[in-house]
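Me: Please take a close look at one part of this model for me: its interior. I'd like a connected account of what packs against what, with the numbers where you have them.

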Amino acid sequence: MNTPVPSFRALGVPDDLSAVLERAGIVSPFDIQVAAIPDALAGRDVLARAPTGSGKTLAFGLPLVAQVGRGTTRKPRALVLSPTRELAEQIRRELEPLAAARGRNVLAVYGGVGMNPQRSALNRGVDVLVARRGRGDLDRELGVVGEVELGAHVDLGGEDNLLA
């Protein structure tokens with residue numbers, strides 16, 4: 001007996017975000033999304049583990065974008081930590097169309113690129129900041145104040161030592 005897979009709307013994902021997913025051809029949530037999204041939307045802490053390619057980014061990203069407020073100068077409203085710059089960029093690319101549907105923006109910061117463009121973007125106001133661990137001290141290097149509305153949303157991306 002197969003259990004029907006619920007839609008993103010049935011999980012509580014707002015219509016505007018569900019529409020963005022549908023336009024991208026994403027119509028059925030993966031198991032990790034079914035397990036995590038309703039609790040995250042309800043404001044509960046969620047800790048989940050799933051293999052690469054299982055949908056973790058949307059599992060935390062949809063509730064984050066659905067709830068995030070507007071950032072102000074140097075005060076992003078949500079923080080996503082990533083173990084690599086490549087994953088930080090992937091997360092930014094995946095969250096950007098969802099955030100745009102809500103009139104929000106996403107910025108990825110990481111080393112190996114100039115800090116001035118990152119600092120300028122933060123000065124304009126960033127709603128969701130995706131940071132690579134190792135970007136250094138965000139306060140010292142980029143002037144980011146540590147008040148984050150939605151707490152730290154962490155994507156371990158397979159690195160168990162990220163929080164060590």
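Reply: Happy to. A good way in is the contact pattern: counting contacts between residues at least 6 apart in sequence, 63% join residues that are at least 24 apart. Do keep in mind that this is a predicted model. The chain has six helices and four strands, and from the N terminus on they run α-α-α-β-α-β-α-β-α-β. Of its 164 residues, 41% count as buried. The accessible surface comes to about 8,700 Å², with 51% of that belonging to carbon and sulfur atoms.

Now to the interior itself. The largest nonpolar core has 27 residues, and L62, L98, V128 and V130 are those with the most contacts inside it. Two or more residues each come from helix 1, helix 3 (56-67), strand 1 (78-82), helix 4 (85-101), strand 2 (106-109) and strand 3 (128-132). There is also a second, separate core of eight residues, which includes L79, L107, V126 and L129.

V130 gives a nice view of the packing. Leaving aside residues up to four places away in sequence, V130 touches V80, A88, I91, V106, L107, A108 and V109. One of these partners, L107, is a member of the second core.

L62 leads us to helix 3. Helix 3 is mostly covered, with 10 of its 12 residues buried. The buried ones are T57, L58, A59, F60, G61, L62, P63, L64, V65 and A66. Its length also checks out: at 1.5 Å a residue the helix should span 16 Å, and its end C-alpha atoms are 17 Å apart, which agrees. As background, an α-helix has 3.6 residues a turn, so residues three or four places apart point the same way.

L62 is also a contact of F8, so let's finish there. F8 is found in the segment before helix 1 (15-23). What makes F8 count as buried? Its relative accessibility is 3%, and the cut-off for buried is under 20%. Besides L62, the residues touching F8 are V13, S18, L21, I26, V27, S28, P29, Q33 and I37, again not counting residues up to four places away in sequence. With V27, 19 residues apart from F8 along the chain, the C-alpha separation is 7.2 Å.

Key:
Residues numbered from 1 in each chain as written. Predicted model: local features only at pLDDT ≥ 70, side-chain atom pairs only at ≥ 80, totals over all residues. Heavy atoms only, no water. Buried < 20%, exposed > 50% of the residue type's maximum accessible area, 1.4 Å probe, protein only. Contact = heavy atoms within 4.5 Å. Core = buried A, V, L, I, M, F, W, Y, C linked by side-chain atoms within 4.5 Å. Expected span 1.5 Å × (residues − 1). Areas by Shrake-Rupley, 256 points an atom, 1.4 Å probe, with all protein chains shown as cover.
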